[in-house]
Amino acid sequence: MPVECSKDFAEDIKKFKECAPKRCSRVVMDQHISAEEAKKLLQIAKRGLKYGGSNGGASILDLHSGALSKGNKFIDIYKYLEEEGKINSVFRKEDFDLYRTVSHKIQLAISGEYGIPPNKLYLTHPTFFSRMTNKPAKTIHDEYWHVHIDKETYKTFDYTSLLYLSDYGSDFTGGRFVFVDKDANRTVDPKLGRVSFFTSGSENSHHVEKVTSGTRYAITVSFTCDKEHAIKAPKLPTKSQT
């Protein structure tokens with residue numbers, strides 16, 4: 001769905017002519033990531049989040065930084081699992097191979113949609129798994145339902161994508177993704193394997209409905225045109241890295 005671009009990309013257009021959004025939109029794809037790939041990613045998320053979990057309704061797992069919600073704070077899951085001697089029983093090399101493959105597929109989809117050379121579009125922080133439930137919020141990190149603009153929160157964002165790992169209506173209720181427009185709100189119903197991506201400016205302000213039952217899983221995969229803010233694909237840590 002095309003939308004009129006905001007002025008949020010003015011500086012990026014000057015600096016990153018081949019990449020910065022010159023037209024803006026929202027795209028939903030249901031065949032780009034296979035159900036098998038999505039199910040495997042869901043299992044990776046569940047295995048990692050098993051060792052943490054927010055006291056409130058929103059938890060994250062970032063395979064790049066190792067950040068894992070635990071209680072009212074974040075821990076480094078890699079250091080925690082290494083200390084417990086469990087890292088190789090929780091994560092495997094093929095988990096990270098799949099994560100890189102799927103992230104690259106989404107990168108190519110965005111590049112193709114907006115006419116960007118793939119080598120000019122970079123994965124950026126934060127990119128993470130999320131788990132949402134109907135538990136009451138305990139900290140600001142649990143309050144995912146507020147309307148926000150990604151590029152205001154993270155200046156380096158240019159394109160935002162989500163890969164859903166559970167189904168609205170059967171795995172959970174509430175939790176739909178809502179674009180907030182002047183004339184009417186528009187919703188995306190999460191579905192296993194569904195990819196949604198959009199330009200990150202104020203033309204695409206949005207929020208997530210409060211989850212009312214069940215558990216909602218997804219991955220947020222974020223992209224920038226600024227190479228200085230690129231992040232590398234995660235790898236299974238060795239002892240020297242932890």
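These are my notebook entries on a predicted model of one protein chain, kept in the order in which I looked things up.

**Entry 1: the chain as a whole**

I began with the overall make-up and found six helices and 15 strands in the protein chain. I then looked up the radius of gyration, which is 17 Å, close to the 18 Å that the globule rule gives for 242 residues, so I noted the chain as being as compact as a globular protein of that length. Along its principal axes, the C-alpha trace spans about 50 × 40 × 30 Å. For burial, I recorded that 51% of the 242 residues count as buried. I also looked at how contacts are spread along the sequence: among contacts with a separation of 6 or more, 79% are accounted for by residues 24 or more positions apart.

**Entry 2: the largest pocket**

Next I turned to the largest pocket, for which I noted a volume of about 930 Å³. Its lining is made up of 39 residues, and those closest to the centre of the pocket are I60, F128, H141, Y144 and Y154. Which secondary-structure element gives the largest share of the lining? I found that this is β7, with five residues. Several other elements supply at least two lining residues each, including β4 (58-61), β5 (67-71), β6 (73-76), α6 (150-153), β8 (159-164), β13 (206-208) and β15 (216-224). Sorting the lining by class, I wrote down 17 nonpolar, 16 polar and six charged residues.

**Entry 3: T127 and P126 in strand β7**

Since β7 had come up for the pocket, I looked at two residues placed in this strand, T127 and P126. Is T127 buried or exposed? Its relative accessibility is 0%, and because buried means under 20%, T127 counts as buried. I then checked the polar atoms of the T127 side chain against the backbone: one lies 2.9 Å from the backbone oxygen of T124, and the backbone nitrogen of S222 lies 3.1 Å from a polar atom of that side chain. When residues up to four places away in sequence are not counted, T127 touches D62, H64, Y99, T220, V221 and S222, so S222 appears both in this list and in the backbone pairing noted above. For P126, I recorded that the peptide bond leading to it from H125 is cis, with omega near 0 degrees.

**Entry 4: G193 and L192 in the loop between β11 and β12**

I moved on to the loop between β11 (186-188) and β12 (195-199), where G193 is found and where L192 also has its place. G193 is buried, with a relative accessible area of 1%. Leaving aside neighbours within four places in sequence, I listed the contacts of G193 as M29, D30, I33, A38, L163 and Y164, and those of L192 as A35, A38, K39, Y164, L165, S166 and D167. I noted that A38 and Y164 are in contact with G193 and also with L192. As for distances, G193 and L41 are 152 residues apart in sequence, with their C-alpha atoms 9.8 Å apart in space, whereas L192 and Y159 are 33 residues apart along the chain and have their C-alpha atoms separated by 21 Å.

**Entry 5: E94 in helix α5**

Last, I looked up E94, which has its place in helix α5 (residues 93-114). With a relative accessibility of 48%, E94 counts as partly exposed. How far apart in space are E94 and L236? From C-alpha to C-alpha I noted 9.2 Å, although these two residues are 142 residues apart in sequence.

Technical notes: Residues numbered from 1 in each chain as written. Predicted model: local features only at pLDDT ≥ 70, side-chain atom pairs only at ≥ 80, totals over all residues. Heavy atoms only, no water. 1 Å grid on protein atoms, 1.4 Å probe; cavity = no way out; pocket = protein on both sides within 12 Å on 5 of 7 lines; lining within 4 Å. Points joined across faces, edges and corners; volume = space filled by probe spheres on them. Helix = DSSP H or I, 4+ residues; strand = E, 2+ residues; numbered from the N terminus. Nonpolar A, V, L, I, M, F, W, Y, C, P; charged D, E, K, R; others polar. Buried < 20%, exposed > 50% of the residue type's maximum accessible area, 1.4 Å probe, protein only. Polar contact = N/O pair within 3.5 Å; in protein donor to acceptor, adjacent residues only side chain to side chain. Contact = heavy atoms within 4.5 Å. Rg over C-alpha atoms; globule rule 2.2 N^0.38 Å.
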